[in-house]
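User: Please take me through this model with short questions and answers.

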Amino acid sequence: MLSAFTQAFRTPDLRAKLLFTLGIMALFRLGSILPAPGVNLVNARQCIAAAEDQNLLSLVNVFSGGALLQLSVFALGIMPYITASIIIQLLRVVIPRFEELHKEGQAGTAKLTEYTRYLTIGLGLLQSSTIVATAKSGKLFPTCNKPVLPDGSVITLLLVVITMTAGTGLIMWLGELITERGIGNGMSLLIFTSIVAQFPSNMFSIAGGNNGAANFAIVVAVVLLATLAVVYIEQAQRRIPVQYAKRMIGRRQYGGSTTYIPVKINTAGVIPVIFASSILAMPQLVSGFGDPRSRWVQWIMTHLHQTHPIYLTAYGVLVLFFAFFYTAITFDSEEIADNMKRYGGFIPGIRAGEPTVRYLSYVINRITTAGSIYLVVLALIPTLAVIWLDLAQHLPFGGTTILIMVGVGLQTVKEVNSQLQQRHYEGFLS
């Protein structure tokens, strides 16, 4: 591996891509620690250290590399873009025009990307306004009496909102630059950077707490086991064989080849976990603006807590539901069957047309069942560790973070490996 890494940096164009990617990642981290205008960074860090419950914004804070609670320039991180991308994909089912654009190829994809950018800016403006209003009211850190935004004038608050929204647009641009001129998928690498940036400090906080050595060893063991499981399952796939009939076009013979349709066990990726966490965070967000003495506010704060059985049950059910829902959107059995029939392909033993659609639906439903159970177990690992080890907010990993880190790491290694193989070098995966 070290030899291949050395060879990668000895190749001029590949070295330029790697250095460009590392430079963008460093710039992203700089913006994550740079406070927005009007924010008292000292008070913000003291409030973060004193906070007892950050479950409401924990997912967004992880994806921003801890920048959200510090109200930095890149406070919103990549979450607005992720949310916008998911919404545009879901709207393909509702809006026929979006589905037509999806089928138009590169031109249609470019148009959908343009819509995603506009929606990202809109969501960034909405989320930044909500975060600033929450910080101004003191409900971002309920247990801290130090003002994060000392100057509460309209001009200052508006400047913070504009800065965070502009930071969201800049992150989107940086991610696209990595995709075009660097190595790997830019958005995924920025998320990877945010998650990895918090890992060392959180691990040290565990080692310095009660039963630090024992808890540290247990956490490391759980992380390693979860990583092995993620690598094994993310690499696994069901291959559906496809045979193409021979065709004579003029004097040439086409077809007659055998290929397969690769179906991953976890087709939906981390989307179900993100959706489930976002939906369960909404009641907590609404209750934060209500009267603490109201019964409905007290019920939400008591029963929709991260370690409560009702929360855990609802979380698991939502992950299962969105795993099937998102897979049904991304894996269209009818479209695949039509494309196979159009080009003379068929599954051995299965007739073309409706029987092929039923067979593909049967296979994907069985695979999604196993994949959704795997996602539920992976998503509940951090909560079970919190209950068992009593780590509170210092847990340095979660099911989503492990899934993202391992997935992005594998994809980046494959990308570098393919670049090396093109130049006749031995790659990372050999």
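**Aromatic pairs and helix packing**

Analyst: This is a predicted model. A search of the whole structure gives 5 aromatic pairs.

User: How are the rings of Phe28 and Phe74 arranged: stacked, tilted or edge-to-face?

Analyst: The ring centres of Phe28 and Phe74 are 5.9 Å apart. Their planes meet at 20 degrees. Planes under 30 degrees apart count as stacked, so the arrangement of Phe28 and Phe74 is stacked.

User: How many residues apart are Phe28 and Phe74 in the chain?

Analyst: Phe28 belongs to helix α2 (residues 12-33). Phe74 sits in the loop between α4 (58-63) and α5. The pair therefore links distant parts of the chain, and the separation is 46 residues.

User: Is helix α5 parallel, perpendicular or oblique to helix α7?

Analyst: The axes of α5 (residues 79-94) and α7 (residues 106-137) come within 8 Å. They cross at roughly 130 degrees. Angles over 145 would count as roughly antiparallel, and 65 to 115 as roughly perpendicular. That crossing angle makes α5 oblique to α7.

User: How many charged residues are in the contact of α5 with α7?

Analyst: The α5 side includes Pro80, Tyr81 and Ile87. The α7 side includes Leu112, Tyr115 and Gln127. By class, the contact has 9 nonpolar and 6 polar residues, and the charged count is no residues.

User: Over residues 155-175, how far apart are the end C-alpha atoms?

Analyst: The unreviewed UniProt entry annotates residues 155-175 as "transmembrane region". In the model this stretch is 100% helix and 0% strand. Its end C-alpha atoms are separated by 30 Å.

Note on methods: Residues are numbered from 1 along each chain as its sequence is written. This is a predicted model: local features need pLDDT of at least 70, side-chain atom pairs count only at pLDDT 80 or more; totals for chains, interfaces and linings use all residues. Side-chain values use heavy atoms; hydrogens and water are left out. Axes are lines fitted to C-alpha atoms, for helices over the stretch in contact, and angles run from 0 to 180 degrees between N-to-C directions. Helices (H or I, at least four residues) and strands (E, at least two) are DSSP runs, numbered from the N terminus. Angles under 35 degrees count as roughly parallel, over 145 as roughly antiparallel, 65 to 115 as roughly perpendicular and the rest as oblique. Contact means heavy atoms within 4.5 Å. Ala, Val, Leu, Ile, Met, Phe, Trp, Tyr, Cys and Pro count as nonpolar, Asp, Glu, Lys and Arg as charged, and the others, Gly among them, as polar. UniProt positions are given in the numbering used here, feature names are shortened, and annotations may be inferred rather than shown by experiment. Rings of Phe, Tyr and Trp (its six-membered ring) pair if their centres lie within 6.5 Å; planes under 30 degrees apart count as stacked, over 60 as edge-to-face and the rest as tilted.
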